[in-house]
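Me: I would like to learn how to read a structure, one feature at a time. Could you walk me through this one?

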Amino acid sequence: MRKLDHKFPSVALLLVVLLISSKCINNVAGREAEDDDYEDEFDGRTDNTEMNEEKKHNSAPLATDDNGIEITYESPKYDIANFYFIDHFDDTEMSQKLWVKSQAKKDDIAEEIAKYDGIWNWEAPQRIVWKDDVGLVLKSKAKHAAIAARLVKPFTFTENKHLVVQYEVTMQEGQECGGAYIKLLSADPESEDLTMFNDKTPYTIMFGPDKCGNDIKMHFIFRHVNPINGSITEKHCRKPKERLEEPFKDKLPHLYRLVVRPDNTYEISVDHKVINIGSLLTDFTPPVNPPSTIDDPQDKKPDDWDEREKITDPTAKKPDDWDDDAPPQVPDANAAMPDGWLEDEPEMIPDPSATIPEDWDFEMDGEWEAPLVDNPICEKAPGCGTWKAPLISNPNYKGKWRAPLIKNPNYRGKWTPRKIANPDFFEDLNPYKMTPIASVGIELWSMSNNILFDNLIITDDVNVALDYATQTFDVKRKYIEKKSDGCADAKKTDAIQPDDISNADGGNGDKNSNSKKKKSDLEVKAADATETNAENEFPDDESDSKDKDLTESFEIEDGSEDKDGEESDVDAKKIGAIQPNDIRNDGGDGDSSKKKKSDVEAKAAGVIETDVLDDDTDDKDKESTESFEVGQGHKGGEEDTTKPRKRRVRKDES
């Protein structure tokens with residue numbers, strides 16, 4: 001019993017330590033989880049219910065509408081019965097099961113590049129609008145890459161059915177040489193095994209953009225089957241009249257749509273704009289139907305057949321006074337040498353100041369000669385050296401004599417072989433009825449990587465395709481264009497700008513300073529920033545707002561005083577004033593009135609959480625200010641978090 005008494009304090013102490021450690025670990029883990037959620041979900045809101053709802057739906061609200069309200073991305077809704085194929089790629093697990101990567105090799109090519117070893121991945125675009133909007137990305141360049149997926153149901157070309165193919169492409173790195181087209185693989189035994197998908201796999205239609213150098217194409221190729229002998233010929237659509245450079249260099253998503261109708265007409269559009277329309281019967285090379293007659297291969301031109309319309313006049317003779325050798329120009333016989341011309345002085349003389357290089361080797365380099373320079377004596381004279389009379393036109397010049405042409409009396413016209421019936425003639429009046437489609441594939445060679453494919457659909461209803469585009473491409477491009485249009489206004493705020501923030505104003509700032517900041521640098525500095533260094537390093541800028549493009553300040557409500565009994569308005573400005581990236585200094589001190597946006601944001605992020613004003617006003621509002629008032633509990637420059645923060649609304653916002 002005595003031994004138990006001795007051990008009990010140690011056991012009790014151990015249990016207490018374990019309980020405290022467990023609680024501490026849970027608290028730390030909870031804080032880390034909260035920090036991670038804060039970094040991932042932070043967008044200026046404090047509504048935890050909305051954040052939880054977003055997490056529940058696995059959303060990523062990065063875009064906003066015209067009213068500044070966040071647009072939560074949702075994968076498009078659809079009825080599978082309306083589609084022969086559909087993949088928005090957002091459900092990565094399901095999409096990866098659908099697509100099959102090729103393991104084939106190309107024929108007639110070097111072994112080291114024959115394999116289809118290009119890398120495919122499912123990921124969000126580099127310029128994220130929504131993180132959950134995933135696409136199929138070709139990651140590698142200078143490699144053969146192929147991937148294919150089976151249709152939900154085969155597509156057959158019947159009399160009352162349209163073929164509508166629609167998909168998005170984003171050239172995230174631009175494109176100098178390569179394609180982003182797709183192939184609709186034929187229902188054929190050779191295309192059954194998708195792991196062997198290659199450039200020779202039978203396809204029915206190839207459609208999409210292609211570029212190499214200045215040669216830009218919008219492919220629409222269909223393979224036509226000869227109804228007589230079964231041979232297959234590729235029919236290439238004529239080029240559109242409009243140039244299509246932008247999709248290859250602007251790095252934005254673009255929507256490509258092909259519509260083929262049972263009346264043998266087609267329509268190609270880019271971003272809903274029709275760029276090419278025509279007929280399968282008349283607008284393809286070679287034409288679908290061969291000519292009914294051809295040249296007789298056995299017919300030969302007679303030896304005495306004269307095709308010359310005109311001949312030289314055999315009776316013409318060259319005049320006796322015609323001089324073929326007369327030059328076109330001769331020296332002017334009336335010209336005289338100007339007075340003061342120095343015939344005995346050369347135009348160039350050896351440089352008198354030149355010396356033999358120390359490393360000159362006479363045996364190897366030969367005799368050294370000074371370089372020639374202009375003769376200084378000739379500078380004030382009309383000229384130096386041998387004088388020559390200027391040239392004038394030769395009045396006796398006539399050129400080479402040639403006999404004039406006359407009509408050929410033996411001319412029989414241009415010879416052409418006689419026509420015979422084409423033994424291979426056929427007339428297919430409905431080329432729309434192509435080989436049925438069983439799969440869709442992407443088979444490329446590209447000199448650029450990170451080509452993103454998204455929202456690929458095949459349907460027989462144009463309205464279904466348009467409705468699908470409104471849920472996907474249209475929303476995406478509308479936000480991107482809105483963001484692009486408001487780029488100048490965005491710089492007025494303290495929001496983190498894209499990586500490439502440049503000082504385009506050419507002000508008085510340090511030209512050697514780094515004007516580009518990566519977001520990762522901002523986050524690192526924000527984590528280390530403190531209230532003290534913010535006060536020490538932030539400029540106490542109390543100049544008139546007309547000297548700035550924009551200022552944001554935090555004001556203390558009337559009656560709030562610091563510990564010394566003085567109003568803390570100035571201190572608040574030291575802490576919270578955030579300067580834009582490019583504040584112009586119209587005559588002031590460049591060091592005090594210009595702050596790089598990245599440094600200010602980094603420090604401000606560690607001091608106080610600010611609301612971002614979505615300023616869509618015109619240039620006249622550039623001098624406007626935003627101010628935020630802190631509750632009356634603010635003392636000594638420290639914020640009382642128990643009081644709600646008030647936001648002062650500008651006149652133009654009301």
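Me: Gladly looking at it now. What share of the contacts with a separation of 6 or more comes from residues 24 or more positions apart?

Reply: Keep in mind that this is a predicted model. Here, 74% of those contacts join residues 24 or more positions apart. The secondary structure consists of 13 helices and 30 strands.

Me: How many of the residues count as buried, and how much surface is accessible?

Reply: Of the protein's 654 residues, 37% count as buried. The accessible surface is about 39,400 Å², and carbon and sulfur atoms hold 50% of that.

Me: Now the interior. Which residues of the largest nonpolar core touch the most other members?

Reply: A core is read as buried nonpolar residues joined through their side-chain atoms. The largest one has 63 residues, and Trp99, Leu163, Phe220, Val440 and Phe453 touch the most other members. Strand β7 (residues 144-155) gives this core its largest share, 7 residues. There is also a second, separate core of 8 residues, with Phe83, Ile457, Val464 and Tyr468 among them.

Me: What does Trp99 touch, leaving out residues up to four places away in sequence?

Reply: With those left out, the partners of Trp99 include the aromatic residues Phe85, Phe89 and Trp122. Ile147, Ala148 and Ala149 are also touched by Trp99, as are Val440, Ile442 and Leu456. Asp87 is on the list of Trp99 contacts too.

Me: Let me try a strand. Why is β8 described as largely enclosed by the rest of the structure?

Reply: For a strand, look at how many residues are buried, with under 20% relative accessible area as the cut-off. In β8 (residues 163-171), 9 of the 9 residues are buried, so the strand is largely enclosed by the rest of the structure. Then look at the two faces: Leu163, Val165, Tyr167, Val169 and Met171 point one way, while Val164, Gln166, Glu168 and Thr170 point the other way. Both sets are buried, including Gln166 and Glu168.

Me: Which strands pair with β8, and in what sense?

Reply: β8 pairs with β14 (residues 253-260) in the antiparallel sense over 8 bridges. β8 also pairs with β27 (residues 451-459), again in the antiparallel sense, over 7 bridges. To find your place, use single residues: Val165 has Leu258 of β14 as its bridge partner, and Met171 stands opposite Ile451 in β27.

Me: And the loops? Is Pro189 buried or exposed?

Reply: A residue counts as exposed when its relative accessible area is over 50%. Pro189 counts as exposed because its relative accessibility is 73%. Pro189 lies in the loop between β10 (182-186) and β11 (203-212). Its C-alpha atom is 9.2 Å from that of Pro202, 13 residues apart along the chain.

Me: How does Lys115 read, by the same steps?

Reply: Lys115 sits in the loop between α4 (111-114) and β5 (120-123). Its relative accessibility is 40%, so Lys115 counts as partly exposed. Leaving out residues up to four places away in sequence, Lys115 touches Ala104, Lys105 and His144. Ala104 is 11 residues away along the chain, and the C-alpha atoms of Lys115 and Ala104 are separated by 6.2 Å.

Me: Last one, the surface. Which residues form a nonpolar patch there?

Reply: Tyr78, Ile80, Met94 and Val152 form one, with about 360 Å² of accessible area together. Tyr78 belongs to the loop between β2 (70-71) and β3 (83-87), and at 34% relative accessible area Tyr78 is partly exposed.

Methods:
Residues are numbered from 1 along each chain as its sequence is written. This is a predicted model: local features need pLDDT of at least 70, side-chain atom pairs count only at pLDDT 80 or more; totals for chains, interfaces and linings use all residues. Side-chain values use heavy atoms; hydrogens and water are left out. Patches are made of residues with over 30% relative accessible area and no salt bridge: like charges are joined within 9 Å, nonpolar side chains (Val, Leu, Ile, Met, Phe, Trp, Tyr) within 5 Å. Accessible areas come from the Shrake-Rupley method with a 1.4 Å probe; for residues, only the protein chains shown count as cover. A salt bridge is a side-chain nitrogen of Lys or Arg within 4 Å of a carboxyl oxygen of Asp or Glu. Helices (H or I, at least four residues) and strands (E, at least two) are DSSP runs, numbered from the N terminus. Buried means under 20% relative accessible area, exposed over 50%, partly exposed in between (1.4 Å probe, protein chains only). Contact means heavy atoms within 4.5 Å. A nonpolar core is a set of buried Ala, Val, Leu, Ile, Met, Phe, Trp, Tyr and Cys residues joined through side-chain atoms within 4.5 Å. Two strands pair if DSSP finds at least two bridges between them.
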